[in-house]
Amino acid sequence: MYDIVVIGAGVVGGMIARELTRYQLSVCIIEKQRDVAMGASKANSGIVHAGFDAKEGSLKALLNVRGSEMMADVAKELGVHYKNNGSLVVGFTDEDIQAINGLYERGVKNGVKNLRVLSKEEVKALEPNISDNVIGALHAPTGGIVCPYMLTVASVGNAMDNGAVLKTDFEVTSIEYTNGVYKVSSPTETVEAAYVINAAGVYSDKIAAMAGYGSFTVTPRKGEYMLLDRECGNLVSHTIFKVPTKMGKGILVSPTVDGNLLLGPTSVNIEDKDNVETTKEGIDAIVAGSTVCVDGIPLRSVITSFTGLRAVGDTGDFIIEAAGDHFVNVGGIESPGLSSAPAIAVYVTDLLAKMGMELKKNENFCPTRKIFRAAESKYHKVICRCETISEGEILTAIHTNPGAKDIDGIKRRTRSGMGRCQGGFCMPYVADILARELGTSLLDVTKFGGKSNLLVGKVKEVQA
Amino acid sequence: MKHVDIVIIGGGPAGMAAAVSAYKAGIRDILILERDQHLGGILQQCIHNGFGLHHFGEELTGPEYAWRYEEEVQKLNIPYKLGAMVTDLTADRKVTYISEEDGEVTLDAGAVILAMGCRERSRGALNIPGVRPAGIYTAGTAQRFVNIKGYMPGKNIVILGSGDIGLIMARRMTLEGAKVQAVCELMPYSGGLNRNIVQCLNDFNIPLRLSHTVVQIHGKDRVTGVTIAKVDENRQPIESTREFIECDTLLLSCGLLPENELTKCAGITLDRVTGGAVCDSYRQTSAKGIFSCGNVLHVHDLVDFVSEEAELAGASAAAYVRGELSTNGRVIAVNPTGGVRYTVPQMLYTEGGDVKLFFRVADIYNNVTVRVSDGNNIIFEKKRKKVAPGEMESIALKADILKNINGDNITVTLIKEGEKA
């Protein structure tokens, strides 16, 4: 029996779990997938928004500005790359400039600091590669970029370091509530807890409904991205947005914290909550959308493309509510969810206190991660040549909470396989290390859990 | 900082041949830095035959070919380090490597030979739409699993791209009991050697679908199929020709890219077409004393020519170290035009002796004349019955021809049949 079970090990669930371990509470995080950060948290823009987009007075506005202010410190504590690179909303028409002035007003009301509307010359001075057609821009110096999946890995890991339990491959199929105890079950296991926090991303509406609190729906909004080689990461230094529309902030051009150049996302509402296909239309839209803003994007240098699903709630705002007895919905956390995550965690904790949860400080809480160190020489043995990742770093990823269990888990934690050859060289070596360290056969090594095994059998034992 | 006369980056066929050649030219202070745990590079996983016909006059497997050089490296006691990854190179030849044994070390090299090889183009770089399940591998990765590790990456296979590794793997997977459904090639011709099409596809009744590409990948955890389509003359898929093929694996053999990250570190000028350094007839790059050879310079079809090029680079580096590299005479730029995509070298010297000029063509042409001109005059001509992008061509230019070049550049062009001479 736990005090709290958090459903969903995305950045929101991870941040909440970590925040809760600041108190004397037993916390269990359950996750459908084999690893953490497997939903929107691994496939998004990685932007820490300044907070001028969301409507004044909304939860989005409040938590974005707060979260953005907290992000630098949280990232530092957790050892996650964060960079305060600033953002620009660029305008090409008079209507755009009107909208930019509107964003400025809204940003000021939301409490965003140091916003400025720039002239064409000022924009070009800051970012020479922005298209000559630009006529002005909103500059938000507080905007930043962060590695979204590492923020998730680190927050879940730090929660575990402080006593939380992570259960992966735990797909919730029923939630029962009797005599003040929630029984949250997968087909094979049941976890009991006094409180439940539903942070299940695009599935948060389904989880709420399962518990009998289905008051909202979540629509997956597909966003496709293209990632370019690190040699293009300096094309722009700020995150470059176009003027937002009803469907979101549009296609951006941004450096990532790891030095790549990121283009995207598209924005298409879909029904299938698992559809992360990329499409030709998506790729075409990204190319069209990014090249009007920034000149000289070397599209030959694309190293991968991917799709994420934003969890768009039906209220237009984040849905953070005490839905029932000891049950909290944290749903509809679309953009600016990543930016808001640290603030959402504090907000939810305050909400739990209001619901009657006793919060006694955990004197032993340590805000930094316990990092496994392999033998020093292993950090000089290079496994991934494109990103220069050593065996030591891979061992650290496997043996530090939450330990990597598959190829993609190693990739997100270390960047091994995330470079220009996309794992062509290092993947067989990483598979060997995983099998050795986890004590399994190479045949059991997967790309990302489930039935995503890399290999189908030994030679001489396979017949088509 | 420790000085080494010649540091060779990469211990594959190019690096080893360069080392042996430099040794034979009298240099003893040589160091090969190899990032893998063995010498021989990618040849170690190329267990098929067909290597060495030109260079040794006999047919060898990849590991056998590699052993010919490794044996010599051992016999001559040429120093090498395994598990040594070079992380930085400067134009003034400071080479930094890291290894489990030595930690991080920076060497001061008298000359450097770049022999890092190439990598395969990945799925991401191809922008194939669809999902990202397990079961998508480059042909070389699959080759490593099967030939080195003894595991099968799949049993029901579609191959995209008809590069040589893809063709070889079509046969290899078939021999190991897998079913290869088709090899799709975007272009109207194969990028691989004709002999591989015959021996690896035709002999096993594996269909080669020219002007076809994969337009979508299906599956959730593991690949369950691909949709292929015919492409029009602009290489755009034709919707009405979409066809689903059930498979558990997609292998990619869509081109090789020279690995010139270190070359870029040193600020060396690269050729946009080859993806390798611009070099002179000694295989010297734009940085004095830094030479390049093998697949890092331009992608070769046959290792035999890699060895030949590496021996030249090794001898040149030795001459450079001794201060005897003759770059006398005028510098002549070599310009590829009219169906010639690139040449290697890209520049030569009027007083530099005989030069063998390698080049690739842009399309398949029958009955062409390869012509070299210096503006006013045709200085060399050679007829070819058939040339194809998948097969590297070469011409030998004699020293006395080069001596008499007018101006500062020559063009290499293809005169097609019926074109005005």
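Colleague: Where in chain A is A:Asp274 found?

Modeller: A:Asp274 belongs to the loop that runs between strand S17 (268-269) and helix H7 (280-291) of chain A; helices (H or I, at least four residues) and strands (E, at least two) are DSSP runs, numbered from the N terminus. This is a predicted model, in which local features need pLDDT of at least 70, side-chain atom pairs count only at pLDDT 80 or more, and totals for chains, interfaces and linings use all residues. Residues are numbered from 1 along each chain as its sequence is written, chains are lettered from A and ligands numbered from 1 in the order in which they are written, and side-chain values use heavy atoms, with hydrogens and water left out.

Colleague: Why is A:Asp274 called partly exposed?

Modeller: Buried means under 20% relative accessible area, exposed means over 50%, and partly exposed is in between (1.4 Å probe, protein chains only). A:Asp274 has 37% relative accessibility, and therefore counts as partly exposed.

Colleague: Which residues gather with A:Asp274 in a patch on the surface, and of what charge is the patch?

Modeller: A:Asp274 gathers with A:Glu171, A:Glu271 and A:Asp272 in a patch of negative charge. Asp and Glu count as negative, Lys and Arg as positive, while His and the chain ends are not counted. Patches are made of residues with over 30% relative accessible area and no salt bridge, like charges being joined within 9 Å and nonpolar side chains (Val, Leu, Ile, Met, Phe, Trp, Tyr) within 5 Å.

Colleague: How do you know that A:Asp169 and A:Arg34 meet in a salt bridge?

Modeller: A salt bridge is a side-chain nitrogen of Lys or Arg within 4 Å of a carboxyl oxygen of Asp or Glu. For the side chains of A:Asp169 and A:Arg34 the N to O value is 2.5 Å, and so the pair fits that rule. The two residues link distant parts of the chain, 135 residues apart, with A:Asp169 in the loop between strand S9 (165-167) and strand S10 (174-178) of chain A, and A:Arg34 in the loop between S2 and S3 of chain A. Both partners are partly exposed, A:Asp169 at 41% relative accessibility and A:Arg34 at 22%.

Colleague: What value supports the salt bridge of A:Glu231 and B:Lys264, and why does the pair join two chains?

Modeller: The side chains of A:Glu231 and B:Lys264 meet at 2.7 Å, N to O. A:Glu231 lies in the loop between strand S13 (218-228) and strand S14 (239-242) of chain A, whereas B:Lys264 lies in helix H7 (residues 261-265) of chain B, so the pair joins two chains. A:Glu231 is partly exposed with a relative accessible area of 45%, and B:Lys264 is partly exposed with 39%.

Colleague: How many salt bridges are there over all chains, and which residues are linked in a network of them?

Modeller: The count comes to 48 over all chains, and a network of salt bridges links A:Asp229, A:Arg385, A:Arg420, B:Arg35, B:Arg119, B:Glu259 and B:Glu261.

Colleague: Is B:Ser122 buried or exposed, and why?

Modeller: The relative accessible area of B:Ser122 is 4%, and therefore this residue counts as buried. B:Ser122 has its place in the loop between strand S9 (118-120) and helix H3 (123-126) of chain B. Leaving aside its neighbours within four places in sequence, B:Ser122 is in contact (heavy atoms within 4.5 Å) with A:Ile303, A:Arg420, A:Cys421, A:Gln422, B:Thr138 and B:Leu252.

Colleague: What makes helix H9 of chain A mostly covered?

Modeller: In helix H9 (residues 391-399) of chain A, 7 of its 9 residues are buried, among them A:Ile394, A:Leu395 and A:Ile398. What covers the buried residues of H9(A) includes S21, S22, helix H10 (407-414) and helix H11 (427-438) of chain A.

Colleague: What is the phi of A:Ala37, and why is A:Ala37 called buried or exposed?

Modeller: A:Ala37 has a positive phi of about 60° although it is not a glycine, and at 0% relative accessibility A:Ala37 counts as buried. A:Ala37 lies in the loop between strand S2 (27-30) and strand S3 (47-48) of chain A. A:Thr388 likewise has a positive phi, near 50°, in a residue other than glycine, but A:Thr388 is partly exposed, with a relative accessible area of 35%.

Colleague: Which omega goes with the cis peptide bond from A:Ser335 to A:Pro336?

Modeller: That bond has omega near 5°, and A:Pro336 is placed in the loop between strand S20 (327-331) and helix H8 (337-354) of chain A. In chain B, the peptide bond from B:Val344 to B:Pro345 is cis, with omega near 5°.

Key. Areas by Shrake-Rupley, 256 points an atom, 1.4 Å probe, with all protein chains shown as cover. Charge placed at Lys NZ, Arg CZ, Asp CG, Glu CD.
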